[in-house]
Amino acid sequence: MTSAPSIVVIGGGPRGTGVIERIAASAVELYGDRPLDLHVVDPHPAGGGRIWRPDQSPLLWMNSMAEDVTMFTDETVELTGPVVAGPALDAWAEDVRAGRITPDADPAVLAEIHGLAGADFPTRRLQSAYLRWTYERALAALPPGITVHEHRTTALAVTGPRGGHQRVRLQDRPEPLLADLVVLTVGHLDAEQDPEQRELADFARRHRLVHLPPDFTADSDLDALRPGEPIIVRGFGLAFVDLMVLLTEGRGGRYENGEYLPSGREPVLYVGSRRGVPYHAKIGYPWTGERPPLPHHLGPAWTEELLNRTGPLDFRRDIWPAVAKELGHAHYHRLFTAHPERTALAHEVFAEKYAAADPGSPELAGLIAEAVPDPADRLDLDALDRPLDGVRHDSPEAFQEALRTHITDDLARRHDPEHSEDLAVFLGLLSAYAQLIRLGDIGSWWHGFFSYLASGPPGPRLQQLLALSRAGVVRFLGAGLSVETDEEQGLFRARSATVPGAHTEARALVEARLPDPSLRHTASPLLRALCDGGAAVTADGLLAVDPADGRVLDDEGRPHPRRFALGPFTTARSSGAFTRPRTGGPAFRQNDAAARAALTFLRDLSCRGRLAS
């Protein structure tokens, strides 16, 4: 008896769930009623996976509003497969309240759902319930011939010839899964420590100090950080926000009338980073009026021209000038159409001259100076990216007050629709990301810049940060943070260029950031085995994949016919785990392309009778 074809999806988090949803969307069209075994491998519950698992602190939030999170396609997404409508998170919560949906969630999460509004920032465990429901809906939409098998374990390796079935070795199973095709959607990765982190860890062990390397904050051993002690924290992004929450409210502190009332169990967090400032707050108002036409200077024709060039691309030379011009186009279009009283030229005149000027040219700078009288209304991407460059303070206390002012001003601006050009730039960033993702690996700087400007924390979190600063629980160190070790005293020491001559000493160091997605330092035996088996890895350590459909490339650039990979560890990484409705999310396009390529391959394989056995 001939066995059914089989596909193994390794990773049951949002990306794996998205691929399964796209398989369900196209299965009848491309695969018909043929039998197919679909295996899902993840040690955590499918839907949310590890990061969005249900058993985590209710203090941890998403950094997106409920109305800005969807797992479903719409007509703005470039798809070959069918659009299958589904609710964004806020609409899903409304369906739950109305009794149209009954999620499998505990009473505490159900209570959160019943109190959720579109502009709220949901907890991660609430998002876990939404993801689980999405996963179960995708399974229910599969045709009857597809049988789903869940394996709550870890995949250790994928082996097998290009022209034959693949063997997926599992942690707790002596015999491998036999697969005709494998899709890797393993999400963010644990990493082995790089040389610097190993040296810091060795130093900490010798002197009985605490060193927490890059990790998912919810999984870090925070009990090692003792009350009242100074902690050097390197990193000022979203991982820091989680750390801040768990070490303050998580230890019994509370906020009252805008001030923080300590429990006495908090350490003192001395935080700094390369920029020395937190990520920009989420914008706190909706879009109204005319949208800037996007993409404009950075459209598919531009992307195709770069893809057809010979030789490697240089981000700063070949890509960034067009990105900067695109973001400027979005900014000034909004300024001229929504706030014309702050401009000095007719919009049509400005737009024509702006389009003709070269990016970064004196002509462009002169045009902007003429058309936008107030420098505060001009888009300065360098100042946005590095606001503390060249800034010096005479004392740590002076810097505390200055950075509180910076955060307060950022919060005010990001919640003021009179500065809606900022929201236009956000839309420009999303549009640019959708094009740049087609280019493959363009280096890590762009992803960090995007996250800093477009994927920052909810405004209330920065209000909490201000309260913690006033209470002395958080102390700001500044930009260009460096950490050194003192063998004689057995301490970590941090210095910043922002406050020359000052330093901070502590017996604990926390690296508040996610592990590097590089496969060169990955702790995943699955991905290490993939690399050892001939998969191509870029200079930045990302798994090279075909940008068209996510097939894994080898060192000669050949796509593997039976292996796909999607996610932040690949050259086709997208801007985040989730997509805002009606923004043409590139992750949906990638999921759709991979699912349709997989179904077509399996259909042809089935027709030829060359199945795994």
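**Reading a predicted chain, feature by feature**

Me: Let's start with one residue: is Arg208 buried or exposed?

Reply: Arg208 counts as exposed, with a relative accessibility of 78%. The cut-offs are under 20% relative accessible area for buried, over 50% for exposed and partly exposed in between, using a 1.4 Å probe and protein chains only. Keep in mind that this is a predicted model, where local features need pLDDT of at least 70 and side-chain atom pairs count only at pLDDT 80 or more, while totals for chains, interfaces and linings use all residues. Residues are numbered from 1 along each chain as its sequence is written, and side-chain values use heavy atoms, with hydrogens and water left out.

Me: What phi does Arg208 have?

Reply: Most residues other than glycine have a negative phi, and most peptide bonds are trans. Arg208 has a positive phi, near 55°, and sits in the loop between H5 and strand E8 (210-212). Helices (H or I, at least four residues) and strands (E, at least two) are DSSP runs, numbered from the N terminus. Asn257 also has a positive phi, about 55°, although it is not a glycine; its loop runs between strand E10 (254-256) and strand E11 (259-261). At 76% relative accessibility, Asn257 is exposed.

Me: Which residues does a cis peptide bond join?

Reply: Leu294 and Pro295, with omega at about -5°. Look for Pro295 in the loop between strand E12 (268-272) and H7.

Me: How do I read a sheet, and what is the strand order in the open one of 3 strands?

Reply: Strands of a sheet pair through backbone hydrogen bonds, either parallel or antiparallel. Two strands count as paired if DSSP finds at least two bridges between them. Here the order is E14-E15-E16, and the pairing is antiparallel. Strand E14 (482-486) and strand E16 (503-506) are the edges: each has a single partner strand, so one side of each has no neighbour in the sheet. Between E14 and strand E15 (residues 491-495) there are 5 bridges, and Asp486 stands opposite Leu491 in E15. Helix H5 (residues 195-206) packs on this sheet, touching E14 and E15, and its direction makes about 135° with that of E15. Contact means heavy atoms within 4.5 Å, and angles run from 0 to 180 degrees between N-to-C directions of lines fitted to C-alpha atoms, for helices over the stretch in contact.

Me: What about cores: which residues touch the most other members of the largest nonpolar one?

Reply: In soluble globular proteins, nonpolar side chains tend to be buried together. A nonpolar core is a set of buried Ala, Val, Leu, Ile, Met, Phe, Trp, Tyr and Cys residues joined through side-chain atoms within 4.5 Å. The largest one has 43 residues, and Ile319, Tyr332, Leu429, Leu436 and Trp446 touch the most other members. Helices H8 (315-338) and H13 (421-436) are among those that each supply at least two residues of this core. Beyond its neighbours within four places in sequence, Trp446 contacts residues including Phe315, Trp320 and Leu429. A second, separate core has 39 residues, among them Leu247 and Ile407.

Me: Zooming out, how many helices and strands does the chain have?

Reply: There are 17 helices and 19 strands. Of the 613 residues, 54% count as buried, and the C-alpha trace spans about 80 × 65 × 55 Å along its principal axes.
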